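Student: Could you take a close look at the aromatic pairs in this model, and then at the parts of the chain around them? I would like the cut-offs stated as you go.

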Amino acid sequence: MEVGVLPVELWQLIFSYLHLPDLGRCSLVCRAWSELVLSLDRTRWRQLCLGCLQHRHPNWPNHPGVEPPSWREAFKQHYLASKTWSKTTQDLESSNCLSLFRRRKGWRRLCVGVGGEFGSLRAALAAASPYDRLVLLPGVHEEQSEVLLKVPVEVVGQGKLGDVALLASIDQHCPTARLSNVVFMPARFTSLLYKTTSGYVQFDNCNFEGGQLQIHAPGTCQVKFCTFSQSSIHLRSVALCILEHCEFTGSENASVTVEGCPSSDRNWACKHLAVLAKSCAASLRQPDPAICPVAKWDGWRESPLRPVRTCEIVVGEERSSFLSAAGAQALLGSAQEDTEFGENLRAAKEEEEYPALDSNSSDSDLRSDDEEDAQVAYKVPCQAHSPRHTLADVMDSKLQSNRLHALQRDLKLKSLQQELQQDKEAQSLANSLQGCIIRQCLFRDGKGGIFIYSRGQAKVEGSIFRDLTYAVRCIQNSKVIMLRNDIHHCKASGIFLRLLAGGLIADNNIHSNCEAGVDIRKGANPLVLCNKIHSGLRSGIVVAGNGKGIIRSNQICGNKEAGIYILYNGNPAVSGNHIFQGLAAGIAVNENGRGQITGNIICENQWGGADIRHGGDPVLRNNLISCGYSDGVVVGERGKGLIEGNVIYGNKGCGVWMMSSSLPHLINNQISHNSIYGVAVFCHKDNAGDYPLGQGGSESFQEEREGAGGENDADSEEEYPAARRPISVALVELNSINHNGAAGLHVKSSEVLNIIANVIHANGDGGVAVLQSSQLTRIANNSISCNSRGGVLVEADCQVELRGNGIYENSSHGIVSKGEGVIAENDIIGNHRCGLQLLQAADMKVTKNRIQSFRDYGIALFDEAKGLVQENLIFQGRSKKSILRPILNAEDCIIQNNMLLTFKKRFDMECMLINPPARPHLEGGAAVSCTAAAGQRVSSITTRVDGGCHNHGSIFCTIL
C-alpha cells in the first residue's frame, strides 16, 4: 500500500501497535515504510525498550530521568548484548551445520517452582538440554547444596524484578550461561553466589544481596543493569569482562576487586565482548551534557571572557632576549583565549586594590614630555574574579605575533582530545580493552569502590563514586584507566595509587573528598590529564614516597590545602594546569619533594602560589603566579629549587619571599605589581608551625616519613636538566622586578647572596634595600631605575659589593650606604638627590664610577664615613650645589684622582657615557657569566630604554 494513501500520523498510529518482529518486516518493505518505523523512536521504540524485563532505563542508575539520544538505538544495543551468551563457537569446528540444530526454534522452556514442571532448579538442570530456557516462577527458590551448571542454559525469573528470589551457590562448568530478572541471595552454607573458572556468564537485570561473584580466567562475564547490595565481584586474571549500568551499595570491602594480569588465554566470548566495548566507547566519546557529570561542570571550557577595560603601563622600549617577558605575554594573554579560565575572572569595579592597573595610576606622571615619543604603551586588559581581586594582562606589541601566539597556545588549558592527539601513550591507554571494563555504574554508601592489585587492569568510564571510604585503589604494578567519572564525598582519597601502579586518569570530576582527590605514592606513575579536582577538604593531588606521574591540563581549585602537594621524594611532571582559588598554597613542595613544575597558571590562592620548604627542591619554570592573597613564591626553611622564567604578578604579599640559607636560584623571572616587595630575602627561621593554617601539614604520610631517610630515587635524577648549576650560594639573576608596592629587592640575610643582571624598575619604594648582611651581598650588573625612593640602600654593619650597575633616575639618592664594601664601576646618573651618599660609620671603597645628579651633590660624605673615593667621574647637572661634598675631618676618608665636570646639555652627558657604554653591560669576555632561560651565555645585555623615568635628562634606563 502506498504511504500517501493515509496521513503520516495515521500510519504512525497503526505501526505503534506492531510487535518487534513485525516492525522489522515493515522496515524492509520500502524506504518510506522504513522511515515511518524510524519515526516511532519516542513512542513505540520507547515502549519496547522500557517494557523489556531484561534491562532497565538506558541511563540507569546514574541518570534515569534523562532520555537517550535514540530509544531505538538503545533497544538495539541491549538486544544484541543480551544475545552474546548464545554466540559460542565451541563444538562447531567439526561442522558449521551443527549450529542449525543447536539454535533451532525448538529450544525448550522449562518452568521451575510451584505449579511448574520441576520443583527445584537442580532437578530442572538435570533434565535440561543445551540452550534451554529455565523459567523460575514467582517465589523463593532455595538450594541446600552447591548447584553445578554443566550445560549452557538460560535462567529467567518470571514477572517483575523481585518476584523471584534464588538462594543458591552456583558453580558453572559449561561454556556459557545467562541469568536474568532474578534476585540472588547466598545459601546458608556459603556467601558465594556464583563462580565460573572457564566459561562465560551473562547477568541481565538481576539483584545480588549479601554475596559474592567470582570470575576466574579464562572465564569471563558481562553484567548489565544489576544491583549489588552489600555484594561484590572478584575478578582474577580475567582477559576481558564488562560491567555496565550497575549499582553497588553498602559494600563492606571493595565492590569490584580486580586481581592479576589479564590472561592471554581468552575464551570464545572475548572477541564478542571487545566488539560490544568498542561500540559503547564510541557513544561515550561525545557525552551528552545532560548525562555526563563532567560535561556539565560550571565554567568548564565554555564561558567566554567578558569585555575588558584597558590602561597604559609604561615599560622600556626594547626587551632584548629576556625570555620571561615573552612568557608573561603568553601566560597572562592565555587568560583571554582560555574560556575555561575566563569563567573565574569576572569584571572588576574601577576602585580596585591594585592601583597600578587603574587608568590614572600608571607612572606617566613620572616621565617628561621629551620622552613621550620613546615610550611603548602596553595595553593591560583587566578582569577580576570579584570586586576585590584583579588580574592584569600585559600585552607587548613589540613581540613577534607568531611567538606570542605559540606561547599562548602552549599554556592554554587543553581538552582531552587535544592531549590524546599529542600523547600517544595516553591515546593507547584510552583505547585499551583489557581486564575489567566498568561503564555507567554507580558506587555509593560503602567502604570501597574498585580495588586493583597484583598487575590487574581496569577501565572505568562515565561512572559515579560517592559517599565511599575510597573510590579506586590501584597498587602493585596494576593499571587503571579512568575516563569521565564523577568522584566525590569519599572519606579518604578519591583515587589512590601506589607500589608502581600506573594508568590514565582523565576528564574526571573529583571533588569534596576528605583526603586528596588523587593520591600518588611509592613509585606510582600515572598520567593525570584534563581533570577538574576541586572543593576537597585536603589537597587536590598528593605525590609522595617516590611517586611520579605526569599531571597536565587539570583544573585544580577551591581545595582547603595545597592544590598539588609534593613531598618525600615525590617527583612528578606538573605542566599546563590551572591552579586557583585554593585556601592554602597553589603548589607545596616539602620534605625532599622535587618535580618539574612548568607552564601552569597559579592564581588567587590564599597562601603562596608556590611554597617550597624543608628540603623541597623543584624546578619551577615558566609559570604564571598571580593575584594571590599572600606571596607569589615562598622558599622557606631548607627549601631549595630553581625558580626560572616565571611571571609573578599582582600578589598581595611579596612577589618572592625566600630564605638565603635555602640557597634558591631565582633566574629570569618577571616579578611585578605585587603589593609588598618584589623579592624579599630573609635569614630568620620560619614560625613554629611548618605551615600556615591549612597548608597541608596534617596530611597522613607516616609510611613515607619512615622511608624518607634514604637517597632520592635514582631515576628521578634524570628528570633534571644537565644545565642546572650546582647550588652553593643564593642567586637572584636576570629578573625583571618592577612596579611592586615596596622595595624591588629587600635583603635581610646572614648568608652570601648574589644579585646579578636584574632589572629593578619603578617600584613603590627603593630599588634595593640591604638591611642586614653579615656576609657579602654582591650586587652586580643590575639596572636600577625610576624607583619611588633611592636606588640602593645599605644599612649599617652590612657588607656589599656594588659593581657594574646602572642606577638611573630614582626619586631620591642613587646609593645610600651606612655599611662597608666596594662601590665600583657603576653609572649613577640622573637621580633626584645625591648620586652617592655615605653616612654614619660607612667604610666604602668608591672607585671608577660615573656619578651625576641634577638636584644635589654627586657624592656626599657625612658623619664618620670613611674609605677611599678615587678615580670617579663626577659631573654636575642643574643643581647649584657642589659636585662633591667632603666631610670636614676626613682623616680616614681618602679622596683622590676624581674627575669633576660640569655639563648642562643632554648631548654632553650622552657623550660621557659612550666609552664605556652605559651600564649595565656584560660582554662575552666578562668575568661574570649569566645563564639565560635556554641555558646559553649572555653575550650582551646593553639596551637603550627611555620609558617611565622621573627626569627630563636621562635616556639610559636599561632593560635586560
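Tutor: What follows starts with the ring pairs and then moves to helices, buried polar residues and backbone geometry.

This is a predicted model, in which local features need pLDDT of at least 70 and side-chain atom pairs count only at pLDDT 80 or more, while totals for chains, interfaces and linings use all residues. Residues are numbered from 1 along each chain as its sequence is written, and side-chain values use heavy atoms, with hydrogens and water left out.

The protein chain has 16 helices and 77 strands (DSSP runs numbered from the N terminus: helices are H or I with at least four residues, strands are E with at least two). Of its 960 residues, 61% are buried (under 20% relative accessible area; exposed is over 50% and partly exposed is in between, with a 1.4 Å probe and protein chains only). Among contacts with a separation of 6 or more, 55% are between residues 24 or more positions apart (contact means heavy atoms within 4.5 Å).

A pair of aromatic rings is described by the distance of the centres and the angle of the planes. The structure holds 15 aromatic pairs (rings of Phe, Tyr and Trp, the last by its six-membered ring, with centres within 6.5 Å; planes under 30 degrees apart are stacked, over 60 edge-to-face, and the rest tilted). One of them is the stacked pair of Phe 228 and Phe 248, at 4.6 Å centre to centre with 10° between the planes. Phe 228 belongs to strand β15 (residues 227–229) and Phe 248 to strand β18 (residues 247–249), so this pair ties together parts 20 residues apart in sequence. Phe 228 and Phe 248 are both buried.

Phe 443 and Phe 465 are also stacked, with 4.7 Å between centres and 5° between the planes. This pair links distant parts of the chain, 22 residues apart: Phe 443 is in strand β25 (residues 442–453) and Phe 465 in strand β27 (residues 464–474). Both Phe 443 and Phe 465 are buried. Ring pairs join these four residues with Phe 184, Tyr 194, Phe 203 and Phe 208 into a cluster.

Rings also meet charges. Arg 473 sits over the face of Tyr 470, 4.6 Å from the ring centre, and over the face of Phe 496, at 4.8 Å (NZ of Lys or CZ of Arg within 6 Å of the ring centre and within 35 degrees of the ring normal).

Next come two helices. Helix α5 (residues 71–82) has 12 residues and spans 16 Å from first to last C-alpha, close to the 16 Å expected at 1.5 Å a residue (the expected span is 1.5 Å times one less than the number of residues). Its buried residues are Trp 71, Ala 74, Phe 75, His 78, Ala 81 and Ser 82. These cover an arc of only 130° around the axis, which puts them on the same side of α5 (the arc is that of the directions from the helix axis to the C-beta atoms). At the start of α5, a side-chain oxygen of Ser 70 comes to within 3.1 Å of the backbone nitrogen of Glu 73. In helix α4 (residues 44–51), the buried residues are Arg 44, Trp 45, Leu 48 and Cys 49. Seen down the axis of α4, they fall within an arc of 135°, so they line one face of the helix. The buried residues of α4 pack against α1 (8–15), α2 (20–27), α3 (31–38) and α5.

Ser 82 also meets a strand residue: the side chain of Arg 178 reaches the backbone oxygen of Ser 82 at 3.5 Å (a polar contact is a pair of N or O atoms within 3.5 Å; within protein, one must be able to donate a hydrogen and the other to accept it, and residues adjacent in sequence count only if both atoms are side-chain atoms). Arg 178 is in strand β8 (residues 176–180) and is buried, at 1% relative accessibility.

Two backbone details remain. Ala 217 and Pro 218 are joined by a cis peptide bond, with omega about 5°. Phe 225, in the loop between β14 and β15, has phi near 55°, a positive value in a residue other than glycine. Phe 225 is buried, at 1% relative accessibility.
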